[in-house]
Amino acid sequence: MCPDSDSGPVLQGIEPTLFPLSASAELPSPDPKFLRNTWYVAMPSPELGEGKLVHRTIMNEPIVFYRKEDGGIAAIADRCPHRHVPLSMGTLKGGDRIQCIYHGLEFGADGKCALNPHGSKKISEALQVKSYPAVEKHTLLWIWMGDKPADLDLIPDYSCLDDRDELHVTRTGYLNVKSNYQLLVDNLLDLSHISYTHAGILGNADTAEADPEVTQDGDVITVTRNSKDAETPGILKMMALDEELKQRGDQWQSISWFPASNLRLEFGASKVGEPKETGTGYFALHFLTPETEKTTHYHYTAARWGVQTDDETNRELRDLIYKMRTFAFADQDVPVIEAQQISMDQAGDNLTPTLLSVDAGPLQYQKVLDRLLAEEA
Ligand code: FES
Ligand SMILES: [Fe+2]
């Protein structure tokens, strides 16, 4: 990691935030901050075309991404140390250098100034910006925000996106959500909401009473909900061939949380009384990356399994699944969560949720996150 002459003012801007479930978790909550020594999704790989400079703000830090000549990914602070103009407005030159649009300083992928065209051409210590480890895996670009060595083994397993028929994977959607990322984690780890917020599309009254079973493997939390002989929700109806399964089936949802905010849901149904493997469904993949304390980059995609329909149908389904899920998130989840954030902000710092049995998953992940934050602190 390069010395960071650029991060001081940015880090000073981070303020404590309210994490409601911390209040009732058993472990003492450290100052709420972002977990840094972990991987976050910056964007889907195709978004970073060759020769492009792409800006993202992550944890209040402006970052510019580009592809290096050796195929690797560069990520450096997007703020020129001279007069603070975003480097992403500049030009990508040979040797993996960005030339600042304002007065022509050039910076390499390590964040160091490689050329000062002015005066004595001296390059002072202060003329450098922070650089971040960044890699490409599972068709996504990942960034490591911490100061410990980046650990590639900590990238969650999204191999369900690799080597899969392109007709079985939807395109990756993106939403910029005006809430803290933890409200979105809470939402995904408590899937009882699908019976209400997404009634008809993703859930219904039959799935409302499924009790969550929470398991922990290392720092990974998995919440499973099963519903026997339940009405098949709209999105699964489209994927089923069997008329019986189009009406009713045994359903399950099993969602895993990987610190700090990446999730993988396995969602599907099989005919009543028949094994899971005979059914159909999809992996619903959710990548939450804090932009600020109150805004979150939300990327999502889906990869089908147990595909029963033919290619012609799958071509249509790929688009339909994307549209239905985008509707469910953008038009159903996000308005609720953004309103929740406003409601919590109005109440100030002393708000404690009244928890229900469905909060078992959110409580468990909060404990793990609190511990990781405390270790980092
Ligand atoms: S602001 Fe970048 S070189 Fe002046
Ligand atoms: Fe939802």
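Contact here means that heavy atoms lie within 4.5 Å of each other. The exercises below use this term for a predicted model.

**Exercise 1. Which residues does Y282 contact, leaving aside its neighbours within four places in sequence, and to which core does Y282 belong?**

Solution.
Step 1. Apply the contact rule to Y282. Beyond its sequence neighbours, Y282 is in contact with L202, I235, L236, M239, L265, E266, F267, A302, A303, R304, W305 and R325.
Step 2. Place Y282 in its core. The largest nonpolar core holds 64 residues, and Y282 is among those that touch the most other members, together with F65, I143, I235, W257 and Y298.
Step 3. Ask where the members of this core come from. Helix 5 (residues 311-347) gives the largest share, nine residues. Domain 1 (39-145) and domain 2 (157-376) each contribute at least three residues to this core.
Step 4. Look for a separate core. Another core, of 17 residues, lies apart from the largest one and includes W144, I155, V169 and F283.

**Exercise 2. Describe how domain 1 and domain 2 meet.**

Solution.
Step 1. Begin with the assignment, which gives domain 1 (39-145) and domain 2 (157-376). Their C-alpha centres lie 34 Å apart.
Step 2. Count the residues in the contact: 15 residues come from domain 1 and 18 residues from domain 2.
Step 3. Consider the area. The size of an interface is often given as the accessible area lost when the parts come together. Here domain 1 and domain 2 bury about 1,300 Å² between them, with 58% of it on carbon and sulfur atoms. On the side of domain 1, Y40, V41 and H138 lose the most area to domain 2, together 40% of what that side buries.
Step 4. Examine the polar side of the interface. Between the two domains the count of salt bridges is zero, while nine residue pairs are in polar contact across the interface.
Step 5. Identify the elements involved. Strand 1 (39-44), strand 2 (54-58) and strand 10 each supply at least two residues of the side of domain 1 that touches domain 2. Strand 1 gives the largest share of that side, six residues.

**Exercise 3. Is helix 2 (residues 181-189) largely enclosed or exposed?**

Solution.
Step 1. Recall the cut-off: a residue is buried when its relative accessible area is under 20%.
Step 2. List the buried residues of helix 2. They are Y181, Q182, L183, L184, V185, D186, N187, L188 and L189.
Step 3. Draw the conclusion. Because nine of the nine residues are buried, helix 2 is largely enclosed by the rest of the structure.
Step 4. Add the polar contacts. At the start of helix 2, a side-chain oxygen of N180 reaches to within 2.7 Å of the backbone nitrogen of Q182. The side chain of Q182 also makes a polar contact with the side chain of Q366 (2.9 Å). Q366 lies in helix 6 (residues 360-376) and is buried, with a relative accessible area of 1%.

**Exercise 4. Which polar contacts do the side chains of R164 and T309 make with R304?**

Solution.
Step 1. Locate R164, which lies in the loop between strand 10 (140-144) and strand 11 (173-177). At 29% relative accessibility, R164 is partly exposed.
Step 2. Follow the side chain of R164, which reaches the backbone oxygen of R304 at 2.4 Å.
Step 3. Locate T309, found in the loop between strand 17 (295-305) and helix 5. With 11% relative accessibility, T309 counts as buried.
Step 4. Follow the side chain of T309. It makes a polar contact with the side chain of R304 (2.9 Å), and another with the side chain of N314 (2.5 Å).

**Exercise 5. Which parts do the salt bridges E61 to K130 and R171 to D319 tie together?**

Solution.
Step 1. Start with E61 and K130, whose side chains meet in a salt bridge (3.5 Å, N to O). E61 lies in strand 3 (residues 61-67) and K130 in the loop between strand 8 (113-115) and strand 9 (134-137), so the pair ties together parts that are 69 residues apart in sequence.
Step 2. Compare their accessibility. E61 is buried at 1% relative accessible area, and K130 is buried at 10%.
Step 3. Extend the picture: R36, E61 and K130 are linked in a network of salt bridges.
Step 4. Turn to R171 and D319, whose closest N and O atoms are 3.0 Å apart in a salt bridge. R171 lies in the loop between strand 10 and strand 11 and D319 in helix 5, so this pair ties together parts that are 148 residues apart in sequence.

Methods: Residues are numbered from 1 along each chain as its sequence is written. Chains are lettered from A and ligands numbered from 1 in the order in which they are written. This is a predicted model: local features need pLDDT of at least 70, side-chain atom pairs count only at pLDDT 80 or more; totals for chains, interfaces and linings use all residues. Side-chain values use heavy atoms; hydrogens and water are left out. A nonpolar core is a set of buried Ala, Val, Leu, Ile, Met, Phe, Trp, Tyr and Cys residues joined through side-chain atoms within 4.5 Å. Buried means under 20% relative accessible area, exposed over 50%, partly exposed in between (1.4 Å probe, protein chains only). Helices (H or I, at least four residues) and strands (E, at least two) are DSSP runs, numbered from the N terminus. Domain bounds come from an automatic or database domain assignment. A polar contact is a pair of N or O atoms within 3.5 Å; within protein, one must be able to donate a hydrogen and the other to accept it, and residues adjacent in sequence count only if both atoms are side-chain atoms. Buried area is the accessible area (1.4 Å probe) that two parts lose on being put together, summed over both. A salt bridge is a side-chain nitrogen of Lys or Arg within 4 Å of a carboxyl oxygen of Asp or Glu.
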